[in-house]
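Reader: I am new to this structure. Please take one part, look at it closely, and then say what else can be placed around the chain.

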Amino acid sequence: MKDWWIYKGDRSTDRLARLAAHQPPWRHYDGEIDEGYTVPSLDLDRYRADRVRGAGYIADEHETELVNSALYLRRPLLVTGVPGVGKSTLAYSIAEDLGLGPVLRWSVTSRTTLRDGLYRYDAIRRLEDANLRRLEEPGTGGAAPEEAPGTDVIGKYLQLGPLGTAFIPTGRPRVLLIDEIDKGDLDLPGDLLTVLDEGRFDIPELARLAEHSPTITVGTDDENGRARITRGRVACRAFPIVVLTSNGEREFPPAFLRRCIRLTIADPSREKLLSIIEQRIGREAAEAADGEDGVISAFLRRRATGSLATDQLLNAIQLRLAGAWTAPEELGRLTDATMHTLSGPDAT
């Protein structure tokens, strides 16, 4: 452990005060904190699942130093590595270690746009509701009744996405996981940089109503979360902790890479695998899986010829604990069933 570390991966005492004290000039925001917004605690199942997932991550010194560099500099952490190496889990580990609540997760696909992460506006439903009111309310002359100035009825049809929710001006930062950004459109990294550099974004649908309804309450990505948006602008106070993952399917623009702290998670060594098994399943399971004729050795031999995910090893150990393929001569059948390589000459 090093004195300057904020993230330590050991779930020790709160260290957010140090994070707030060492804020670089380009991440200093003077906006007013929205005291009315707290991270909802109603989705307890999600919160517990996030904590369990985060507690199972074992970070080595290199990973920990780069995470802390990203925290101090308020830079996005771009995490690369083979599938199943724990890239996404690192975001949950940071949230669990620093006590920052549920992770905001934005899963990127080839059709994802920046607006998908910022907010969703259901204009069609709003029009349908207006037509329904026209039919139900007599004396309208067939015209849809107008929404009274000063109301925030539009808030029923607008919900912040995970990226937009991360920019709500709260006193404590949220952890935002942007998963598999390399699957997105070529313009997405550049579009994302603009929002991350400025720490704010505008919602045109709300900005147009600012004269009559300066403050409007909308939904958020948190279950039952409601946030107040003033004059159509969402501006953060505490810059979110942004973790982006990539499977290396394409290259990113230099301008994007320049603004990120880059971390490549290597395949875990035997020692790290033992720590992961002990953390996730238990010490006895780790001891049983070790040895020249154990499941770990079989995993490492097969990984030498192609890519394997750590959870494939955990699956094999779990099956053995359940009584499947327990005889030594059955190890090959267990390996074939659970440890098919994901890439390389032997990939199936």
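**A helix and its buried face**

Author: Just after helix α11, Gly282 takes a positive phi of about 140 degrees; the model is a predicted one. The helix itself covers residues 270-280, and its buried residues include Lys272, Leu273, Ile276 and Ile277. Viewed down the axis of α11, the buried residues lie within an arc of 140 degrees, so they line one face of the helix. The spacing fits a general rule: an α-helix has 3.6 residues a turn, so residues three or four places apart point the same way. As for what the buried residues of α11 pack against, the partners are α3 (61-73), α12 (283-289), α13 (295-303) and α14 (310-321).

Two other places can be described in a similar way. Strand β5, residues 175-179, contains Asp179. With a relative accessible area of 7%, Asp179 is buried. Its side chain makes a polar contact of 2.5 Å with the side chain of Thr245. Leaving aside residues up to four places away in sequence, Asp179 touches Ser88, Arg105, Trp106, Ser107, Val108 and Thr245.

The last place is a hairpin. Strands β7 (residues 215-219) and β8 (residues 226-230) run antiparallel and are joined by five bridges. Thr215 has Thr230 of β8 as its bridge partner. Six residues lie between the two strands of this hairpin, and Asn224 takes a positive phi near 60 degrees there. A positive phi thus appears at Asn224 in the hairpin and at Gly282 just after α11.

Notes: Residues are numbered from 1 along each chain as its sequence is written. This is a predicted model: local features need pLDDT of at least 70, side-chain atom pairs count only at pLDDT 80 or more; totals for chains, interfaces and linings use all residues. Side-chain values use heavy atoms; hydrogens and water are left out. Buried means under 20% relative accessible area, exposed over 50%, partly exposed in between (1.4 Å probe, protein chains only). Helices (H or I, at least four residues) and strands (E, at least two) are DSSP runs, numbered from the N terminus. The arc is that of the directions from the helix axis to the C-beta atoms. Contact means heavy atoms within 4.5 Å. A polar contact is a pair of N or O atoms within 3.5 Å; within protein, one must be able to donate a hydrogen and the other to accept it, and residues adjacent in sequence count only if both atoms are side-chain atoms. Two strands pair if DSSP finds at least two bridges between them.
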